[in-house]
Amino acid sequence: MSGHSKWSTIKFKKALKDAKRGKIFTRLIREITVAARAGGGDPGSNSRLRLALDKAYAANMAKDTVERAVKRGTGELEGVDYEEVTYEGYGPGGVAILVETMTDNKVRTVAEIRHIFSKRGGNMGNAGSVAYQFKKLGLITFPADADEDRILEAALEAGAEDVVNEGERIAVYTAATDLHAVTQALTDAGLQPEDSEITMIPENTIEVSGEEAEKLLRLIEFLEENDDVQNVYANYELSEEEMARLEAAAS
């Protein structure tokens, strides 16, 4: 089946995103709080909360920390009122970038995001200027040595849209609303995913290299490091040669 994206496109993003454990916990706590506020504190009827809880426990977050985040979301405990805001822009090479944030101060956050874009060779865009280039999908991943035939059969039977062997992993793509059902079906079939998440997949990609690629990755890194940023998506692609060059330079 045809792929929606290539692993090389998001490998660096994931490495940056996972670099700081404390930042991961902060993001997960915010997601749990917002999910509980939006859909209630029962994960049985709130699929977004259920997904956030799964991620929190997979990251070894303490149960009492998780429960406090849920209660802040439902109003049982006092807490900061976060708002979800997505910013759009372009990076070096004309690469489209989506920045998902959760903030308690939109004025502060937009100023910080705009400053990062301008200082790192990018430009902020208006709402809608970039989002149309991405599609919201569910993404379920397995290690590269997993049984691809079993995954393919179980995923398609459960209603997945696509199954792609991306070299370093096997990716199952679903409609965003079907993510939990497909993940559960795969688990019931004895197939344990490495990860399951809602993500934004670019409809088309732009290949970047050399100084352009280095500047782009630095821009993404600075966006990822902002305290209010939850996720950064970009429609860039790196060739195998460029990946090897960047990895060698970073080692």
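Leaving aside its neighbours within four places in sequence, with which residues is Leu223 in contact? The answer is reached at the third stop of this tour, after a view of the whole chain and of its confidence values. The model is predicted.

**The whole chain**

Begin with the entire chain displayed as a cartoon. Nine helices and ten strands can be traced in the chain. Its radius of gyration is 18 Å, close to the 18 Å that the globule rule gives for 251 residues, so the chain is as compact as a globular protein of that length. Along the principal axes, the C-alpha atoms fill a box of roughly 50 × 45 × 35 Å.

Next, display the surface. The accessible surface of the chain comes to about 12,400 Å², and carbon and sulfur atoms account for 48% of that area. Of the 251 residues, 45% are buried. Contacts across the sequence may be considered here as well: among those between residues at least 6 apart in sequence, 72% join residues at least 24 apart.

**Colouring by confidence**

Now colour the chain by pLDDT. The average over the chain is 88, and 91% of the residues score at least 70. Select helix H1, residues 7–17, where confidence is lowest, with a mean of 47. Then select helix H5, residues 106–119, where confidence is highest, at 97. Residues 1–13 have a pLDDT below 50, although this stretch has 45 contacts in the model beyond near neighbours in sequence. Where pLDDT is low, the predicted coordinates should not be read in detail.

**Helix H8 and Leu223**

Select helix H8, residues 210–225, and locate Leu223 within it. Leu223 is buried, with a relative accessible area of 0%. Apart from neighbours within four places in sequence, Leu223 is in contact with Ile97, Val99, Ile113, Ile116, Phe117, Val229 and Val232. This list answers the opening question. For a sense of distance, select Gly128 as well: the C-alpha atoms of Leu223 and Gly128 are separated by 19 Å, and the two residues are 95 apart along the chain.

Remain in this region and select Phe222 together with Arg120. The charged end of Arg120 sits over the ring of Phe222, 3.9 Å from the ring centre. If the display is then extended to aromatic rings throughout, the count of aromatic pairs comes to zero.

**Strand S1 and Val85**

Move to strand S1, residues 83–91, which contains Val85. Is Val85 buried or exposed? Its relative accessibility is 15%, and Val85 therefore counts as buried, the limit being under 20%. Beyond neighbours within four places in sequence, Val85 is in contact with Val99, Glu100, Thr101, Thr103 and Lys106. Val99 also appeared among the contacts of Leu223. Phe25 offers a reference point for a distance: its C-alpha atom is separated from that of Val85 by 19 Å, with their positions 60 residues apart along the chain.

**Helix H2 and Arg30**

Select helix H2, residues 21–39, and show the side chain of Arg30. Arg30 is buried, with a relative accessible area of 10%. Not counting residues up to four places away in sequence, Arg30 touches Tyr82, Met102, Asp227, Asp228 and Gln230.

**Strand S9 and helix H9**

Proceed to strand S9, residues 229–234, and select Tyr233. Tyr233 is buried, with a relative accessible area of 4%. Its C-alpha atom lies 21 Å from that of Asn165, a residue 68 places away in sequence.

Continue to helix H9, residues 240–250, and select Met243. Met243 is buried, with a relative accessible area of 8%. From its C-alpha atom to that of Ala213 the separation is 9.8 Å, while the two residues are 30 apart in sequence.

**A loop residue: Asn60**

Finish at the loop between helix H3 (47–58) and helix H4 (63–74), where Asn60 is found. Asn60 is exposed, with a relative accessible area of 59%. Inspect its backbone: phi is near 65°, a positive value in a residue other than glycine.

Note on methods: Residues numbered from 1 in each chain as written. Predicted model: local features only at pLDDT ≥ 70, side-chain atom pairs only at ≥ 80, totals over all residues. Heavy atoms only, no water. pLDDT = per-residue confidence, 0-100. Helix = DSSP H or I, 4+ residues; strand = E, 2+ residues; numbered from the N terminus. Contact = heavy atoms within 4.5 Å. Phe/Tyr/Trp six-rings, centres within 6.5 Å; stacked < 30°, edge-to-face > 60°. Lys NZ or Arg CZ within 6 Å of the ring centre and 35° of its normal. Rg over C-alpha atoms; globule rule 2.2 N^0.38 Å. Buried < 20%, exposed > 50% of the residue type's maximum accessible area, 1.4 Å probe, protein only. Areas by Shrake-Rupley, 256 points an atom, 1.4 Å probe, with all protein chains shown as cover.
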